[in-house]
Amino acid sequence: MKTRHFLLALLASATLLATGQAAAQQQRPIRLVVPYAAGGPIDVTARMLAERVKDTLGTVIIDNKPGAGGNIGADIVAKAAPDGLTIGIAATATHAVNPWLYSKIPFNAATDFAPITQMVRVPNVLVMNAETAQRLKINTVADLIRYAKANPAKLNYGSGGNGSAGHLAGELFKKQAGIFALHIPYNGGNPAQLALLSGQVDFNFDNLATAAPNIRSGKLKAIAVTTLQRSSAMPELPPVADTLKGFSIDTWWGLVAPAGTPHDVVVKLNQAFVAALNAPETKTRFATLLAEPVANSPEQFGAFMKSELSKYEAVVKATGARVD
């Protein structure tokens with residue numbers, strides 16, 4: 001009898017211990033690795049969502065790991081344990097551009113991650129110096145292409161540097177439009193915008209959030225957005241794709257986990273973050289950044305990232321840009 005009681009007590013203790021360990025596991029915070037510095041739009045949107053999912057997922061801690069164009073932070077996620085406790089941001093740079101821009105990166109963008117959901121789309125915008133646009137009588141994408149073809153080698157455009165989003169957008173535009181414009185790289189987006197404002201360059205592809213103040217003040221002439229559809233931030237602007245079919249080169253980012261993360265864990269994360277992205281408050285707050293929430297399934301986000309990786313292979317190779 002004593003032996004039986006002892007065995008029952010031992011079994012009860014083991015059950016309590018297992019339950020306690022499971023509870024402790026559930027209470028452990030989720031680490032969300034942001035591969036860029038604090039304060040930027042990617043970091044800000046990640047913190048917004050972390051706050052909104054705490055009731056369903058518990059505490060989500062933002063861990064900023066900038067460096068190497070986002071590669072350092074992405075690599076941390078790729079090599080983390082696939083238990084759902086470490087997730088991270090996948091962005092245009094880390095998962096579509098960098099694999100072709102860098103001669104070596106420490107992770108495989110196509111196979112080392114489990115997609116959770118896209119988060120954001122931020123349109124880029126084709127802009128001209130307002131005085132230049134007026135002088136050359138350019139009001140539309142068709143006008144710009146027509147002028148470039150009639151005046152070969154007379155146009156130039158600026159960007160924040162070789163391999164930057166503005167550079168890649170410009171090269172894709174030239175390729176699809178069948179025109180030539182000299183690329184002038186600057187050391188960052190701000191110097192490139194100043195060059196445009198001062199008339200040193202004719203046009204740029206800039207981030208809509210960055211260009212918006214000068215568009216509204218009349219210093220810059222907005223020609224078109226680079227998303228396939230019109231942007232809710234400036235719905236009056238047509239997409240470049242209205243003239244050049246399929247043209248799309250916007251900025252995006254989303255959430256991924258390490259490859260091998262169990263499907264049920266990915267589904268749980270997806271459901272929590274999709275609900276947060278669809279919340280009216282999220283849409284309102286993202287609108288202040290001129291960012292559009294995009295909530296989709298892991299399969300949809302995975303297919304999207306695959307298509308972006310393929311698209312940017314051709315774009316980057318066309319530019320000849322390399323980082324190392």
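A salt bridge is here a side-chain nitrogen of Lys or Arg within 4 Å of a carboxyl oxygen of Asp or Glu. The tour below is of a predicted model, and its stops include several such pairs.

**Confidence**

Begin by colouring the chain by pLDDT. The mean for the protein chain is 89, and 92% of its residues reach 70 or more. Then select residues 14–25, where the pLDDT is below 50. Beyond near neighbours in sequence, this stretch has one contact in the model.

**The five-stranded sheet**

Next, display the strands in the order β7-β6-β8-β5-β9, which form an open sheet with mixed pairing. At the edges are β7 (182–185) and β9 (220–225), each of which pairs on one side only. From one strand to the next, the twist averages 30 degrees.

Within this sheet, select residues 124–129 (β5) together with residues 203–207 (β8): the two strands run antiparallel and are joined by five bridges. Leu-126 has Phe-205 of β8 as its bridge partner.

**Helices on the sheet**

Add helix α7, residues 141–150, which lies across β5, β8 and β9 and runs at about 55 degrees to β5. Helix α8 also packs on the sheet, where it touches β5, β6 (156–159), β7 and β8. The direction of α8 makes about 150 degrees with that of β6.

Now show side chains in α7. Arg-146 and Asp-143 meet in a salt bridge of 2.9 Å, N to O. Both residues belong to α7 and are three residues apart, about one turn of the helix. Arg-146 counts as exposed at 51% relative accessibility, whereas Asp-143 is buried at 18%.

Move to α8, where Lys-174 forms a salt bridge with Glu-171, with the closest N and O atoms 3.0 Å apart. These two residues of α8 are likewise three residues apart, about one turn of the helix. Lys-174 is buried, with a relative accessible area of 10%, and Glu-171 counts as buried at 15%.

**An enclosed helix**

Select residues 92–101, helix α5. Why is α5 described as largely enclosed by the rest of the structure? The reason is that seven of its ten residues are buried. Among them are Thr-92, His-95, Val-97 and Leu-101. The buried residues of α5 pack against several elements, including α4 (71–78), β3 (86–91), β4 (113–122) and α13 (298–319). Helix α8, visited above, is also one of these packing partners.

**A link between distant parts of the sequence**

Select Glu-281 and Arg-52, whose side chains meet in a salt bridge of 2.7 Å, N to O. Glu-281 lies in helix α12 and Arg-52 in helix α2 (residues 41–52), so the pair ties together parts that are 229 residues apart in sequence. Glu-281 is partly exposed at 42% relative accessibility, and Arg-52 is partly exposed at 35%. Add Arg-285 to the selection: Arg-52, Glu-281 and Arg-285 are linked in a network of salt bridges. The count of salt bridges comes to eleven.

**Strand β2 and two loop residues**

Asp-63 is located in strand β2 and counts as buried at 18% relative accessibility. Leaving aside neighbours within four places in sequence, Asp-63 is in contact with Arg-31, Leu-32, Val-33 and Val-34.

Continue to Ala-68, in the loop between β2 (60–64) and α4. Its phi is near 55 degrees, a positive value in a residue other than glycine. Ala-68 is partly exposed, with a relative accessible area of 40%.

Finish at Leu-290, in the loop between α12 (280–287) and β11 (292–293). Leu-290 has a positive phi of about 55 degrees although it is not a glycine. Is Leu-290 buried or exposed? Leu-290 is buried, with a relative accessible area of 13%.

Key:
Residues are numbered from 1 along each chain as its sequence is written. This is a predicted model: local features need pLDDT of at least 70, side-chain atom pairs count only at pLDDT 80 or more; totals for chains, interfaces and linings use all residues. Side-chain values use heavy atoms; hydrogens and water are left out. Buried means under 20% relative accessible area, exposed over 50%, partly exposed in between (1.4 Å probe, protein chains only). Helices (H or I, at least four residues) and strands (E, at least two) are DSSP runs, numbered from the N terminus. Contact means heavy atoms within 4.5 Å. Two strands pair if DSSP finds at least two bridges between them. Axes are lines fitted to C-alpha atoms, for helices over the stretch in contact, and angles run from 0 to 180 degrees between N-to-C directions. pLDDT is the predictor's confidence in each residue, from 0 to 100.
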